[in-house]
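Biologist: I should like a close look at the empty space in this protein. Please describe the largest pocket and the cavities, and say which residues and elements line them.

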Amino acid sequence: MRLNWAAHRTTASAVLALLMLAAAGTAGTAQEELRVGGAVLRVEVDRSAFTGGATPILEWLRRSAEIVSRYYAHFPTASVTVRLVPQEGDGVHGGKTFANPNAYIRVQLGREATPAQLLNDWVLVHEMTHLALPDTGEEHAWLSEGIATYVEGVARVQAGNRSETDVWAEEMRAMPRGLPQSGDRGLDHTHAWGRTYWGGAMFCLLADVDIRRRTQLRFGLQDALRAVLRESGGLATDWPIERVLRTGDAAVGTRTLEDLYAQMKDAPVTPDLMTLWRELGVLPQGDSVTLSDAAPLAEVRHAIMRPR
């Protein structure tokens, strides 16, 4: 979830609640500094609040920042403050990303979070990815959340932090939640959770495959997103969605993003996902998938998951 204070309106009580959460556990909090991907990460953490200590937490932060840096060729911002709010239990409970006046990520982390849970976490990569896209307004939250949902899996595969079969299996299970249901009026007008996160991720998958097919594997969505970050500076900037998509298309020499948006923004579009996955060589097998290199678009699948 990302918020840009310049564009986000909220009530006074909501602001107070956010400030109280951000301040939770302030006693004993120290600031650690990490340098990753050309950026400075200032980590606010109370070492005594977590049973495993700060070392695995700092490793998790560095690893997540490196994953995002590799995908975008550098970290999306020159500096970011990451505030870790201790919660009861284990695991990573969620996060929010802010852009103004400075990049700031608040993550709720279980006091008993284990190194294995941190190694397999997706939340921090998702939140850091939000920093790379300009704020296009709440009407287009599906683009921001969809990119963060899609990129998290691909970026972690490229960095060796997640298996390709795991990512494709998750998409096969979850992406149908992003398909339009009764009463749907297109991505810009249907703000249900499934359409926002997985409908946006579906847009990204369709765009990635189309760009790679049209450019004979020379470019992909990753190149388009790198160009958007390079020219905009990321979340601290307000851009209309049309400019974001036009910039991405110009970088890869297609009109894929603009044309796909024109089709999906105001109308329910139901792509045949099972046929697409079969052509990519992603075949269901129980709760997982098998990958076939004999499929017609197997090279596209390889190109998506291959590090640049």
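Modeller: The account below takes the largest pocket, then the cavities in turn. The model is predicted, and the values that follow are computed from it.

The largest pocket holds about 390 Å³ of space. Its lining is made up of 20 residues, and the closest to the pocket centre are Trp122, Thr149, Glu152, Glu170 and Trp198. Several elements contribute to this wall: the strand β5 (92–98) and the helices α4 (123–130), α5 (141–158), α6 (164–174) and α7 (193–214) each supply at least two lining residues. Of these contributions, the largest share comes from α6, with 4 residues. In character the lining of the largest pocket is mixed, with 8 charged residues, 7 nonpolar residues and 5 polar residues.

As for enclosed space, the count comes to 2 cavities of 30 Å³ or more. The largest cavity has a volume of about 90 Å³. A set of 14 residues lines the largest cavity, and those nearest its centre are Leu143, Ile147, Leu225, Leu245 and Leu257. Two or more lining residues come from each of α5, α7, α8 (221–232) and α9 (241–252). Here α8 gives the largest share, 4 residues. The lining of the largest cavity comprises 13 nonpolar residues and 1 polar residue, with no charged residue.

The second largest cavity has a volume of about 40 Å³. The residues that line the second largest cavity are Thr149, Tyr150, Glu152, Gly153, Arg162, Val167, Glu170, Glu171 and Trp198. Among them, Thr149, Glu152, Glu170 and Trp198 are also listed with the residues closest to the centre of the largest pocket. The helices α5 and α6 each provide at least two residues of the lining of the second largest cavity, and the largest share, 4 residues, is that of α5. By residue class, this lining divides into 4 charged, 3 nonpolar and 2 polar residues.

Taken together, the linings can be set side by side by element and by class. The helix α5 supplies at least two residues to the largest pocket, gives two or more to the largest cavity and contributes the largest share to the second largest cavity. The helix α6 has the largest share in the largest pocket and supplies at least two residues to the second largest cavity. The helix α7 contributes to the linings of the largest pocket and the largest cavity. Charged residues occur in the linings of the largest pocket and the second largest cavity, whereas the lining of the largest cavity has none.

Conventions:
Residues numbered from 1 in each chain as written. Predicted model: local features only at pLDDT ≥ 70, side-chain atom pairs only at ≥ 80, totals over all residues. Heavy atoms only, no water. 1 Å grid on protein atoms, 1.4 Å probe; cavity = no way out; pocket = protein on both sides within 12 Å on 5 of 7 lines; lining within 4 Å. Points joined across faces, edges and corners; volume = space filled by probe spheres on them. Nonpolar A, V, L, I, M, F, W, Y, C, P; charged D, E, K, R; others polar.
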